[in-house]
Every structure is written in C-alpha cells, then in structure tokens.
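This report describes selected features of one structure, moving from single residues to helices and sheets. The reader may wish to keep the sequence and the coordinates at hand.

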Amino acid sequence: MPPPSPFLDAIPDPIASQPRDEVGDRSALRPDRPWYATGVLLDADDFEAEQLYHRARLAEALSAVAGCGTLAGLEVTIQPAKPATGGTPAQEEEIQVQPGQALDRFGRLIEVPRSACLRSGRWLAGLTPKEHLRSVSLGGKTLDVVVADVFIRFLALPRGYTPALAAGPFDATDAVQPSRIRDSYKLELVAREASLDLTRSLPADPWASLRGESDSNRRWQALQRLLLAGQLSASQQWDEEQLRPRPEHTGGVEPTSLFLARLQVPALQTSGNSLTRAEGAVQVRNDLREFVISSAALAAWAGVPAPSTP
C-alpha cells in the first residue's frame with residue numbers, strides 16, 4: 001500500500017489545537033514534563049509527551065518575549081511574465097516569497113528555505129468581478145484592481161513512511177506510519193472583497209496606546225497596565241474552543257496564519273464575467289506586516305556602537 005501524500009495529509013499540531021484536560025484546563029499551555037525511572041515501560045505517548053513539553057515551552061517563551069511576525073526575509077516580490085524565447089517556454093507572472101523566518105502567534109518558527117511562488121494568473125481567473133473588482137487611485141490615475149493579502153502559516157508534514165502495525169479495528173499487514181515530521185509552511189493568497197474596509201483588515205498594533213503617549217512616566221504606567229492585564233499573552237488569544245481571529249483574518253482566513261503583504265493587482269472584466277490581468281505594475285506593501293526585531297537590530301537602530309568600533 002503506497003503511503004499517503006505528505007502534501008495532502010497534514011498532521012495537526014497539539015500546540016495549536018490546545019486540548020483540554022479532565023478539569024477543562026488547556027493542557028497544551030502547560031504540558032506535563034515526562035519523568036522516567038528504571039524499569040518503567042515506555043510507549044509512543046511518552047516520547048510524544050516529551051516532544052510536546054519542550055516544543056510548547058520554547059514556543060510559549062518565544063511568543064512571550066518576542067511576539068509574532070517576520071524575523072528575517074520573507075519579502076513578497078513580483079516576477080513579471082516572460083515570453084517564450086528560443087527553446088525556453090513562456091513564463092507567467094508569479095508572486096514570489098523570498099527565503100526567511102517568522103514566528104507565528106504560538107511562537108512556532110516558520111522557515112522558508114528557498115523562494116516560493118504563487119501563480120497569479122490562475123488565481124485571478126477564479127475570481128468574480130462583481131465581488132472583487134474595485135477602483136483605486138494610484139499616481140493620479142483611477143485603476144480597477146483586485147486587492148489580495150499574502151499569508152503564511154505553520155504546517156507539519158509527515159515524511160519517511162515505514163511499515164508499522166495497523167492501529168484501530170484493522171487487520172492490515174501493509175500499514176505504514178511516518179517516521180519523521182517536517183516543520184513546514186503553507187502560503188495563501190486571499191482576495192479581499194470589494195465591500196471590505198481595507199483599513200480594518202490589517203494587523204492591529206498591540207502597543208498603539210503606548211506609541212501615542214508622549215509623556216515617559218505615563219507611557220511607563222500604561223505599559224505596566226498592559227503587562228499586568230496579560231492581554232498580550234498567548235493564553236489570552238483563545239475564545240472558548242478556538243483561537244480568536246484578529247482583524248487580518250477577516251473573511252474566513254485561518255487564525256493561525258501570519259500576514260505578510262498586501263497586493264493591488266490591476267485587473268479587468270472579460271466577456272465571460274471573469275477577471276484577467278490588466279496592464280500596470282502590481283503594488284506590493286511589505287511594510288504592513290508585523291516584525292520581530294532582535295536585540296542586536298534594536299541596538300544598531302539606537303546607535304549603539306559595535307564592539308569592534310574603536
């Protein structure tokens with residue numbers, strides 16, 4: 001029996017599912033640390049519990065200390081279409097995400113090791129003009145565009161399938177199980193409906209109340225209130241049994257997704273009531289995302305001299 005495709009069978013991450021224990025507490029927020037003793041029999045649950053403990057504690061620490069956002073890279077760019085030349089076939093326009101790293105809302109590391117692309121032509125053809133085409137002013141001209149947001153989210157993919165005893169009410173002798181799990185990612189291009197207020201579908205600044213306070217004493221008091229209230233903690237992001245969506249997740253976007261960029265794609269309506277690419281450059285806004293800034297970067301921004309500076 002061939003193993004299932006790793007691209008279709010994503011394994012749920014217990015850090016994001018937040019299971020509850022017998023008293024209704026979210027056990028994934030505070031997983032128990034396994035304790036071993038000589039002579040105790042171990043099974044797969046013990047090793048999974050140990051992995052969950054270390055992964056969850058590290059993710060919780062990163063989330064509390066650094067927040068979420070882009071660590072480095074992940075710039076969204078446009079690769080223009082190229083006509084066929086000689087033996088080289090034509091290349092359609094692509095939306096590319098450059099290599100980089102980010103932390104999601106749970107503190108999990110998302111890494112893109114090499115450039116990834118999204119094909120804009122097929123995506124645009126699947127949209128309807130009435131719902132997605134809007135007029136905007138760019139450079140003194142009015143253009144019809146489709147506004148879309150690029151998201152990335154953590155995805156665990158099973159790999160290295162190996163023969164294993166079938167679990168459950170089965171008697172198969174050719175069952176397989178993954179022997180490795182790769183921390184991967186998924187890119188999504190989400191079209192924004194023309195009726196959506198674009199300013200209310202962007203990541204909100206959790207520190208907005210501090211940035212607007214000019215007096216340093218009052219700003220410090222406001223910061224203390226925010227920290228004591230715990231509103232920025234990952235444990236406060238849950239609403240009953242599901243992760244609370246943020247403004248950028250409007251329209252049914254997966255709440256674990258991380259916003260990367262906003263695009264304005266020039267488009268026009270065809271005779272078949274569909275959309276096609278129009279002339280004009282795609283506007284890309286990479287600056288609307290959240291960033292996780294390292295202490296070294298903050299020191300350089302503040303003008304602290306490097307250790308090697310005489």
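## Cysteines

Is Cys68 buried or exposed? The model is predicted, and in it Cys68 has a relative accessibility of 13%. Because this value lies under the cut-off of 20%, Cys68 counts as buried.

Cys117 has a relative accessible area of 41% and is therefore classed as partly exposed. A search of the whole structure for disulfides finds zero.

## Helix H2

Helix H2 comprises 23 residues, from 44 to 66. At 1.5 Å a residue, a span of 33 Å is expected, and the C-alpha atoms at the two ends are 32 Å apart, so the expected and modelled values agree. At the N-terminal end, Asp43 acts as a cap for H2: one of its side-chain oxygens lies 3.2 Å from the backbone nitrogen of Asp45. Just after the helix, Gly67 adopts a positive phi of about 80°.

Five positions of H2 are named as buried: Leu52, Tyr53, Ala56, Ala59 and Ser63. Their spacing may be read against a general property of helices. An α-helix has 3.6 residues a turn, so residues three or four places apart point the same way. The packing partner of the buried residues of H2 is helix H1 (14–17).

## The open sheet E1-E4-E5

Three strands form an open sheet in the order E1-E4-E5, and their pairing is antiparallel. Strand E1 (69–73) and strand E5 (109–112) are the edge strands; each has a single partner strand, so one side of each lacks a neighbour in the sheet. On average, and with direction ignored, neighbouring strands of this sheet are turned by 15° against each other.

Four bridges connect E1 with strand E4 (residues 100–103) in the antiparallel sense. Within this pairing, Gly69 has Leu103 in E4 as its bridge partner.

## Strand E12 and its partners

Strand E12 (residues 258–269) is mostly covered, with ten of its twelve residues buried. Strand E8 (residues 141–163) pairs with E12 in the antiparallel sense over eight bridges; here Phe151 has Phe259 of E12 as its bridge partner.

E12 is also joined to strand E14 (residues 283–285) by three bridges, again with the strands running antiparallel. In this pairing, Leu263 is placed opposite Val284 of E14.

A further antiparallel pairing, over three bridges, links E12 to strand E13 (residues 275–277), where Leu268 faces Thr276 of E13. E12 and E13 form a hairpin with five residues between them, and Asn273 in the turn has a positive phi of about 60°.

## Glu93, a buried acidic residue

Glu93 is located in the loop between strand E2 (76–79) and strand E3 (94–97). Its relative accessibility is 15%, so Glu93 counts as buried.

Which side chains make polar contacts with that of Glu93? One is the side chain of Ser120, at 3.2 Å. Another is the side chain of Arg277, at 2.9 Å. When neighbours within four places in sequence are left aside, the residues in contact with Glu93 are Ile78, Gln79, Pro80, Ala81, Arg119, Ser120, Arg277 and Val282. Ser120 and Arg277 thus appear both in this list and as polar partners of Glu93.

Methods. Residues are numbered from 1 along each chain as its sequence is written. This is a predicted model: local features need pLDDT of at least 70, side-chain atom pairs count only at pLDDT 80 or more; totals for chains, interfaces and linings use all residues. Side-chain values use heavy atoms; hydrogens and water are left out. The expected span of a helix is 1.5 Å times one less than its number of residues. Buried means under 20% relative accessible area, exposed over 50%, partly exposed in between (1.4 Å probe, protein chains only). Contact means heavy atoms within 4.5 Å. A polar contact is a pair of N or O atoms within 3.5 Å; within protein, one must be able to donate a hydrogen and the other to accept it, and residues adjacent in sequence count only if both atoms are side-chain atoms. A disulfide is a pair of cysteine sulfur atoms within 2.5 Å. Two strands pair if DSSP finds at least two bridges between them. Axes are lines fitted to C-alpha atoms, for helices over the stretch in contact, and angles run from 0 to 180 degrees between N-to-C directions.
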